[in-house]
Amino acid sequence: MNQRDAEAARESSTAARRGFLAFVALPSIVVLDQGLSLASGLPLRSLGAFALIPVGCLAWAAMGLVMFATRRGRRWLGCRRRGLALGTCGAIAGLAGAESLIQWARPAAPFHLRSPETAYRFAPDPKIIFGVAPRTRSSYNAQGLRGPDWSARRERLRVLCIGGSTTECYYVDDQDAWTNVLAQELTARLNEPCWVGAAAVSEMASGHHARFIATSPLVDEVDCLVVMPGANDLVRILLGLDQGDARVPTWYGLQFVQVSKNYWNVDRQNGFWADETGQRLQGVLRLGRAIPARPIDWQAETTHYAQRLVNLCVAAKHRKPRLFLVTQPYLWDQQLTPQGVKRLLWARAVPTPRPWEFLNSRDLRRVADAFNAEVVRAAREQGCELVDGAAAINGHERCFYDDFHLNDAGCVALVQTLAESIVRRMAAEPARR
């Protein structure tokens with residue numbers, strides 16, 4: 001081979017490499033991002049239908065490797081290197097522009113919060129949602145918390161409640177939600193104004209709670225934190241999802257992905273969401289279409305849950321407020337009346353029982369008790385305050401409209417135990433101005 005041919009071969013090889021890099025650059029970034037999340041314990045199932053994005057990017061990158069391994073493919077990549085590079089740069093610029101436009105037109109709700117200054121109205125079906133008002137409203141303040149706005153002056157106490165749907169109080173009116181009842185009870189007992197609100201989203205679990213406590217500036221604006229974990233951890237384990245402590249891929253947090261996710265889950269009715277009557281949520285769960293029939297190592301899951309609780313307590317120790325851990329109450333019980341049994345969703349027994357043995361009231365109550373025992377242990381070992389909400393209302397049919405969601409009576413019952421603990425511990429401390 002003469003010098004001219006050698007130079008041409010080198011140029012062809014360089015052009016092929018550049019074309020290959022341009023071809024796989026963007027999908028490789030997504031694959032690497034997703035790989036880091038998988039290594040941290042985030043299953044692809046947690047991404048739902050959007051798991052197709054990293055899978056598709058992996059297939060694209062693999063196709064690039066196959067092309068680069070063949071002479072014909074290298075020639076194709078080399079000849080189109082400039083177009084591929086321009087296409088990649090254009091795609092990145094387009095994604096960045098779309099992200100900025102969507103952020104401006106439709107700002108995303110902050111992590112673990114709802115969209116600020118929003119309100120939802122429900123008309124719960126009394127045959128499905130027992131013990132709540134026939135017309136209810138859920139409203140959120142300027143910070144995205146369920147509760148009133150910050151007062152112009154400083155209250156005696158500010159209490160921020162963190163949790164999932166039991167804390168958010170699905171289908172319960174603003175005035176009857178246990179966070180509002182707690183504010184009224186604390187104000188009456190301390191004879192000074194108290195503010196109570198909820199940073200609660202139905203899908204959040206203990207790992208999400210720990211991240212919120214560690215990072216949210218709202219935490220520094222309150223005097224104590226009330227965290228009721230457990231139910232969402234258990235549900236997410238049943239569904240094969242993560243519990244919030246794994247790394248979420250960067251691409252999944254982009255606003256255009258979240259807007260698409262909301263459209264897919266709500267507008268297209270492919271995910272879990274609450275309609276105004278409760279029938280949609282009940283229907284999806286009763287069919288059990290999302291619950292995989294697979295064995296679960298509950299002993300290992302309980303151990304992992306205990307570690308997440310420790311992480312949560314450690315995060316709270318580095319912040320200003322005092323932490324109150326609350327055990328999660330459940331309706332699951334072996335002594336339920338036929339009417340109580342009809343309310344069960346996850347432990348459904350009528351009209352036909354679920355086909356998997358671990359989805360029954362007895363076994364789920366056993367797991368729930370084990371989870372609550374870890375809450376008790378974490379509070380004692382980490383020096384946090386403990387409120388045993390489970391001991392107060394576990395299995396009380398008048399307090400629940402399904403497996404673990406509280407109705408109006410349940411909210412009042414929980415607050416009696418919670419308010420006493422908070423007042424006893426906080427009343428002796430000087431007011432924080």
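Student: What makes glutamate 420 and arginine 424 a salt bridge?

Tutor: A salt bridge is a side-chain nitrogen of Lys or Arg within 4 Å of a carboxyl oxygen of Asp or Glu. The side chains of glutamate 420 and arginine 424 meet at 3.9 Å, N to O, so the pair fits that rule. One thing up front: this is a predicted model, where local features need pLDDT of at least 70 and side-chain atom pairs count only at pLDDT 80 or more, while totals for chains, interfaces and linings use all residues. Residues are numbered from 1 along each chain as its sequence is written, and side-chain values use heavy atoms, with hydrogens and water left out.

Student: Where do glutamate 420 and arginine 424 sit?

Tutor: Both are in helix 15 (residues 408-426), 4 residues apart, about one turn of the helix. Helices here are DSSP runs of H or I with at least four residues, strands are runs of E with at least two, and both are numbered from the N terminus.

Student: Why is arginine 424 called exposed?

Tutor: Exposed means over 50% relative accessible area, buried under 20%, and partly exposed in between (1.4 Å probe, protein chains only). Arginine 424 has 57%, so it counts as exposed. Glutamate 420 has 44%, so that one is partly exposed.

Student: How many salt bridges does the rule give?

Tutor: The count comes to 15. One of them pairs aspartate 33 with arginine 247, the closest N and O atoms being 2.7 Å apart. Aspartate 33 lies in helix 1 (residues 3-39) and arginine 247 in the loop between helix 8 (231-238) and helix 9 (255-267), so the pair ties together parts that are 214 residues apart in sequence.

Student: How do you know whether aspartate 33 is buried or exposed?

Tutor: Its relative accessible area is 10%, so aspartate 33 is buried. Arginine 247, at 30%, is partly exposed.

Student: What makes arginine 319 and serine 216 a polar contact?

Tutor: A polar contact is a pair of N or O atoms within 3.5 Å; within protein, one must be able to donate a hydrogen and the other to accept it, and residues adjacent in sequence count only if both atoms are side-chain atoms. The backbone oxygen of serine 216 lies 2.9 Å from a polar atom of the arginine 319 side chain, so the distance fits.

Student: And why is arginine 319 called buried?

Tutor: Arginine 319 has 16% relative accessibility, so it counts as buried. Its place is the loop between helix 11 (298-317) and strand 6 (322-326).
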